[in-house]
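Visitor: I have a new model open and I'd like to learn how to read it. Where do we begin?

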Amino acid sequence: MSITRRNFVKTSIAAAGTAVTAGLVGCGGGGGQGEGSQQAGGVVEITIPSYKTGENVGAVFFEPQVERFNEKYADKYHITLESVPQDGFNDRLKQLAQQNQLPVLVQGGDIDWQTDIAFPQGLAYDISGWLNDHPEVKDLVLDDALAYCTNDDGTVYSMPLPTVRPTGYYWNTAMWDPQVDLSTLSMDELLAEIGDQKIAFSTAENGWVCSLFLTALVAAEEGGADWLRGGVEEKIVDFNQPAFISAVTTLQQLLQNNAAPNSVGATYADAENAFLSSQAAIISNGPWMSSSLDEANSANWSNGFDGANVHAALWPGQMGIANTSSLGEWWISAAASDEEKQLAEDFLAFVYSPEEIEAFLLAEGGDAPKLTYSENFKEEQAKTQTLADLSADTTAETEFVPCILDMIPASVANSDFGRELPQLANGTYTPEQFAQALTDAAQEASLA
Amino acid sequence: MKSVAASLRGRRSRPTSLERNNYKWVYLFLLPTLIVFVMFYAAPIIQVFLTSFTTWNGFTDPVFSGLQNYVNLVNSRGFLLAMQNLLYWSLLATFVHVGFGVLVAFVLFQKPHGWKLARAVFMIPNVISAAAWAMIYRFFFNNDFGVLNTVIRFVIPDFTVQWFYESPWAFWAVAFTWMFYAVIVTLVVLGDLMNIPAELAEAARIDGASGWRLIRDIQLPLCRSSIGTSVIVSVTARIAMYEQIALTTAGGPGNDTMSLSIMLVNGIMDYRYGYANAIGVVMFVIGLVVLALINRAFRMDESDL
């Protein structure tokens, strides 16, 4: 059968159109990113998606850390980072999991997704055997974290954390300079000492800064700390508890009498800005805030603020806000090859080496309770006032309680909590009504 | 004698061999579009419908649960307020948003001095994303340093309102983030106005019509189709509206500015994909009903020209 010129043109156009369509719908196949390895000259190479890249604050430490690993194992391994925005990072991991394209090393992800879906579905590699073979690593991880990450059958999927980064509070001594030893005060005495000083709060996004203060207030109530810890095993869905309502009553008073200007509707950045511009004397935050107080970031200061004037402390009763019963930052994909698993394990051993842990603590703050610090580390840490303050407060007697936002259903933490806070601040809600509103929301979110 | 129309009909019912030969090419050329449509539209929509009747966390196999998701949705705290808000925002979209856009189109159609510059300036907000507008409005409505309250305090020094965080202002504050940005409406209607044959206006003027009469009896009716299209676009945008709410009030205070889209995202956060898809189905059905009603109200399939 002869092909006429017209048919040939039509066929060509149709074929081109079909090829374009095939390209559009992804028939091209090919490997996704973040998964597989290449072995060039015996070097195992992997790519891992991470949000700690580029302009992300975590990149300052993490990117050089990966480079140090690459240099140390130049003849064996190479890790390339794929930059993923933090906002969409957890969704990206879920998407990769659905496509069976998980990276060899997985940098966490949504906690509920890990515990309820990824691990039960067999997506993670059991590292319990490796941990037992490496006591130098296992001995550094937090006991609570190891217990939490160890399943009933002894398997361990998420690498338990070696560090804790407790949240306390920061104050600007140029605005508020208490003449008492704050560590000896009860919560009521601390609040009395604060008086009418302005406190930075945020209610927008998920009301993070408010949630930290509320967590401290709940933990200071009788039975409050245990009630919060109960959320580790099963999310809290009933807020009609005396400890919670009493804490909310105090929070409401603080929001109405002590909140810095623009606190209602403020994001975390707004709250931090209120502190860095001397509009608030106090803010609740974690050790990561120390970088904002460094002279190198003084461009963000205003109204005479000076980071050198800032001190930090854990909450009364030597209480720090941190969830030690939690998953770690890393886990390994079960689909990885043996070479890739070896790379992943060596990477974890590298990250959990004393030198790297100390470097991390100096860069981002926190404490490694089971690590014996080097003298050099102690000297370096003492140079950053707030890190030294928090480290001094973190002792064997320190009690840790999880942030309330981590103990309640995700939609309540990310949406309802911040949405209801303005009602509490402007007096539309009583503390009891606030508790009931959260209870209703949490119970609704817990339906199948 | 057979009429011309009958002759044409007869010809259409019996395609020539050349036409029959061309059909396979027509279908072949349609194939890429059909594949894309099935993969990216039809299949997901069918999946959303099917899984809305299941309990599903997005990863494990869905378990059939009948109408439970729909029952949960109707019984949820935010549903009635979300539907009420949708109704009110749709009315605002229809009468204020589209009305304002049509008004601007008619003003521009008169080609007053500087109308091209005015049209360009009116376009500017359209190149700014809804999310950016929401952030701008958060500053505009800020109680402490927002433009609005600062101006009001010149008259009432003690004035204080948290527009996005107090009832009933939050509803209106959210509405203001989109209500007067109607450039699409203006452009669509202006295009229709410019296509009205000059002879029609001339004839009307000869018959004594001028000014408002010309607009009411000639130009507005002839823009019916474009105004109907604008109403469809505006109301369906309200059904899908998410950024303007999520970045300002997140549905609050309480549930004052709740929307189905916010509820859907909250459902996904809690891994209630079946429930979230039930909300998606409700939004889809509302969209279809709105489409049908507006098509009928504006007689979109009829032409006056």
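Guide: Let's begin with a ruler for helices: the expected span of a helix is 1.5 Å times one less than its number of residues. Keep in mind that this is a predicted model.

Visitor: How does that ruler work on α18(A), and what span should its 15 residues have?

Guide: The 15 residues of α18(A) should span 21 Å, and the end C-alpha atoms of α18(A) are 21 Å apart, which agrees.

Visitor: Which residues of α18(A) are buried?

Guide: First the general idea: an α-helix has 3.6 residues a turn, so residues three or four places apart point the same way. In this helix, the buried residues are Phe434(A), Ala435(A), Ala437(A), Leu438(A), Ala441(A), Ala442(A), Glu444(A) and Ala445(A).

Visitor: What do the buried residues of α18(A) pack against?

Guide: Their partners are α11 (242–257) and α17 of chain A. We'll meet α17(A) again in a moment, where chain A touches chain B.

Visitor: Good, the contact between the chains, then. How many residues does each chain give?

Guide: People often give the size of an interface as the accessible area lost when the parts come together. Here we can count residues: 31 come from chain A and 30 from chain B. On the side of chain A, the elements giving two or more residues are α1 (5–24), α4 (111–118), α17 (410–425) and α18 (431–445). The largest share of that side, nine residues, belongs to α17(A).

Visitor: What kinds of residues make up the side of chain A that touches chain B?

Guide: That side divides into 13 nonpolar, twelve polar and six charged residues.

Visitor: Now chain B. What does its overall build look like?

Guide: Count the elements, and you get 15 helices and two strands in chain B. Then check the spread: a compact globule of 305 residues would have a radius of gyration near 19 Å, but chain B has 25 Å. Along the principal axes, the C-alpha atoms of chain B fill a box of roughly 85 × 65 × 30 Å. As for burial, 31% of the 305 residues of chain B count as buried.

Visitor: Which domains is chain B divided into?

Guide: There's domain 1 (4–37) and domain 2 (74–297). The centres of these two domains of chain B, taken over C-alpha atoms, are separated by 42 Å. From the record, an unreviewed UniProt entry places the feature "domain: ABC transmembrane type-1" at residues 83–294 of chain B. Over residues 83–294, chain B is 70% helix and 0% strand, with its end C-alpha atoms 18 Å apart.

Visitor: What about backbone oddities? How do I spot one?

Guide: Most residues other than glycine have a negative phi, and most peptide bonds are trans. Now for the exceptions. In chain B, the peptide bond from Ser167(B) to Pro168(B) is cis, with omega near -5°. Pro168(B) sits in the loop between α7 (147–155) and α8 (169–176) of chain B. Another cis peptide bond joins Gly252(B) and Pro253(B), with omega about -5°, and Pro253(B) is in the loop between α13 (243–246) and α14 (260–269) of chain B.

Visitor: And where is Ser278(A), with its positive phi?

Guide: Ser278(A) has a phi of about 60° although it is not a glycine, and it lies in the loop between α12 (268–276) and β7 (282–285) of chain A. With 19 C-beta neighbours inside 10 Å, Ser278(A) counts as partly exposed, because the cut-off for buried is 20 or more.

Key:
Residues numbered from 1 in each chain as written. Chains lettered and ligands numbered in written order. Predicted model: local features only at pLDDT ≥ 70, side-chain atom pairs only at ≥ 80, totals over all residues. Contact = placed C-beta atoms within 7 Å. Helix = DSSP H or I, 4+ residues; strand = E, 2+ residues; numbered from the N terminus. Nonpolar A, V, L, I, M, F, W, Y, C, P; charged D, E, K, R; others polar. Rg over C-alpha atoms; globule rule 2.2 N^0.38 Å. Buried ≥ 20, exposed ≤ 12 C-beta atoms within 10 Å, placed from the backbone. Domains from an automatic or database assignment. UniProt positions renumbered as here; feature names shortened; annotations may be inferred.
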